[in-house]
Amino acid sequence: MTLIKSISGIRGTIGGTVGEGLTPLDIVKFTAAYGTWAVNKSGIKKIVLGRDARISGNMVNSLVIGTLQGLGIDVIDLGLSTTPTVEIAVPDKKAAGGIILTASHNPKQWNALKLLNADGEFISDADGKEVLEIAENNDFKFAEVNDLGKVDNSDNYLQKHIDKILALPLVDVAAITKADFKIVIDCVNSTGGIFVPALLKALGVKTVHELYCKPDGNFPHNPEPLPENLVALSKEVVNKRADLGIAVDPDVDRLCFVCEDGNVFGEEYTLVAVADYILKHTKGNTVSNLSSTRALRDVTENAGGEYHAAAVGEVNVVNKMKEVTAVIGGEGNGGVIYPELHYGRDALVGIALFLTHLAKYGKSVSNLRSTYPGYFISKNKITLTPEMDIDALLLKVEEKYSKQPHSTIDGLKIEFDKEWVHLRKSNTEPIIRIYSEGNSETVANNLANKIIADIKEILKLS
């Protein structure tokens, strides 16, 4: 059993003993802490709630609603929803915040409470620490019987979300309709199975082949939208002679595509392609995190904009986007953040913008992919002993490469012309994650192995 309490929420496996798994008592305690914080912060006694289709979702939902009511907070329950839909609903409803019940790409035994502020954005590091402190001290007070919160079961936000996407100037429904795309979708038996078909219909797509679209939480494969998990989608795209395949994760904030030949477009290139389209029509800056592909920087600079890197984590990307007034940003895991709609990863707006881009481009998805720089990311890790001073180790690596362009805003990232390596320590275990990128798999792996050899040499000498 696993329970991870962090500044961004509480996440764990269902069942087990209190404090070791995500048990009902842990859910109630953390919900009470968050509800207390949200009301103290905003003075508003209203929270928006939504969930993905996990098997445990209904149980967790009931506990969260009851706890918030017990605090005297009104709940707007969107039911089966998506993370970006809840993010849009929070400011729309003038709520104190929002909770999304989803463990994102984690397997079905996991669930989590993702926490939003009154802007519908993930709570900050400082806010998260406050919530954890309230939970640790049981510093909450429940309402008297006449002051209990009420529940509003609001089921119209699917349409509201779609309407907001259709209203965006850079979403061209007429162009998408004219292109007459044939699309296969894999929604991993979660809420994408409700939202993605509805969006595609609204965009004028007439031929949609649905794969794993029953929102019952029985994930047919690992729900993270990586190539090794999309074999069935790739086969179906070829079998149906479709123009493309679309895959989303359980809470629909990550997005990736499959080309007409069954090859994956690459989740790193979801943001690159959408940014390419945005930058063709809107001059401006872009942002992604330090572990994302350099291709976004190339596309941005070719369009006359400036690229900026942020620390890993959606809240960090959003803060940097606001700081540099970015027109598009996100993460290399298939997360598109389009501030014209809202500051949050949103697979639905990503689909609409990508299909508009593809319709106007007028050629195949594989052809579009070939127009972007070809980079490969290698992902590795080194396990160290728990007592090892990882910060000191990273400092020695930084000293060794002090003459190379490098960044320390999140671990250590070193650039070698158009290649790079990013070293980050894990917050939960004694490991260093090593991501490297080059213009081929061999180059990326060689760079990673070089840095790993350096680390081993430093460890020998220390």
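Two strands count as paired if DSSP finds at least two bridges between them. With that in hand, the ladder of strands toward the end of this predicted model is easy to follow. Strand β19 and strand β20, which covers residues 431–438, run antiparallel and are joined by six bridges. Within this pairing, Lys-425 sits across from Ile-432 of β20. On the other pairing of β19, the partner is β18, again antiparallel, with five bridges between the two. Here Lys-413 has His-422 of β19 as its bridge partner. The turn of the β18 and β19 hairpin takes just two residues between the strands, and Asp-417 adopts a positive phi near 55° there.

These strands also help to build a pocket. The second largest pocket holds about 230 Å³ of space, and its lining is made up of 17 residues. Arg-297, Tyr-307, Ala-309, Lys-413 and Glu-415 are the ones that lie nearest the centre of this pocket. So where does the lining come from, element by element? At least two residues each are supplied by helix α10 (295–302) and by the strands β13 (307–310), β17 (406–407), β18 (412–416) and β19 (419–425). Strand β13 provides the largest share, with three residues. Sorted by class, the lining of the second largest pocket comes out at eight charged, five nonpolar and four polar residues. Lys-413 thus turns up twice in the picture: as one of the residues nearest the centre of the pocket, and as the bridge partner of His-422.

Strand β13 leads on to a sheet. Four strands, in the order β13-β12-β14-β15, make up an open sheet with mixed pairing. Strands β13 and β15 (335–337) are at the edges with a single partner strand each, so one side of each has no neighbour in the sheet. From one strand to the next, the twist averages 20°. Helix α10 packs on this sheet and touches β12 and β13, with its direction at about 175° to that of β12. In the middle of the sheet, strand β12 (residues 285–289) pairs with strand β14 (residues 326–331) in the parallel sense, over four bridges. One matched position is Ser-288, which stands opposite Gly-330 in β14. As a general point, side chains in a regular strand alternate between the two faces of the sheet.

Ser-288 shows up again when the search turns to enclosed space. What does a search of the whole structure find in the way of cavities of 30 Å³ or more? It comes up with one, and the space inside is about 30 Å³. Glu-268, Leu-271, Val-272, Ser-288, Ser-292, Thr-293, Leu-296, Glu-331 and Gly-332 line this cavity. Helix α9 (residues 268–281) gives the most to the lining, with three residues. Split by class, the lining of the cavity has four polar, three nonpolar and two charged residues.

A second four-stranded sheet comes earlier in the chain. The order in this open sheet is β9-β8-β10-β11, and the pairing is mixed. Strands β9 (207–211) and β11 (255–258) are the edge strands, pairing on one side only. Neighbouring strands in this sheet are turned against each other by 25° on average, direction ignored. Strand β8 (residues 182–186) pairs with β9 in the parallel sense, over five bridges, and Ile-185 stands opposite Glu-210 in β9. Helix α7 (residues 192–202) lies across β8, β9 and β10 (244–248), and runs at about 165° to β8.

Aromatic rings come next. The structure holds six aromatic pairs. One of them is formed by Phe-257 and Phe-354, a stacked pair with 3.8 Å from centre to centre and 15° between the planes. Phe-257 belongs to strand β11 and Phe-354 to helix α12 (residues 347–361), so this pair ties together parts that are 97 residues apart in sequence.

Finally, back to the start of the chain. Strand β1 (residues 3–6) and strand β2 (residues 9–13) run antiparallel and are joined by four bridges. The two form a hairpin with two residues between them, and in this hairpin Ser-6 stands opposite Gly-9 in β2.

How values were computed
Residues are numbered from 1 along each chain as its sequence is written. This is a predicted model: local features need pLDDT of at least 70, side-chain atom pairs count only at pLDDT 80 or more; totals for chains, interfaces and linings use all residues. Side-chain values use heavy atoms; hydrogens and water are left out. On a 1 Å grid over the protein atoms alone, a cavity is a set of points where a 1.4 Å probe fits but cannot get out, and a pocket is an open set with protein on both sides within 12 Å along at least five of seven lines; lining residues have an atom within 4 Å of a point. Grid points are joined across faces, edges and corners, and a volume is the space filled by probe spheres set on the points. Ala, Val, Leu, Ile, Met, Phe, Trp, Tyr, Cys and Pro count as nonpolar, Asp, Glu, Lys and Arg as charged, and the others, Gly among them, as polar. Axes are lines fitted to C-alpha atoms, for helices over the stretch in contact, and angles run from 0 to 180 degrees between N-to-C directions. Contact means heavy atoms within 4.5 Å. Rings of Phe, Tyr and Trp (its six-membered ring) pair if their centres lie within 6.5 Å; planes under 30 degrees apart count as stacked, over 60 as edge-to-face and the rest as tilted.
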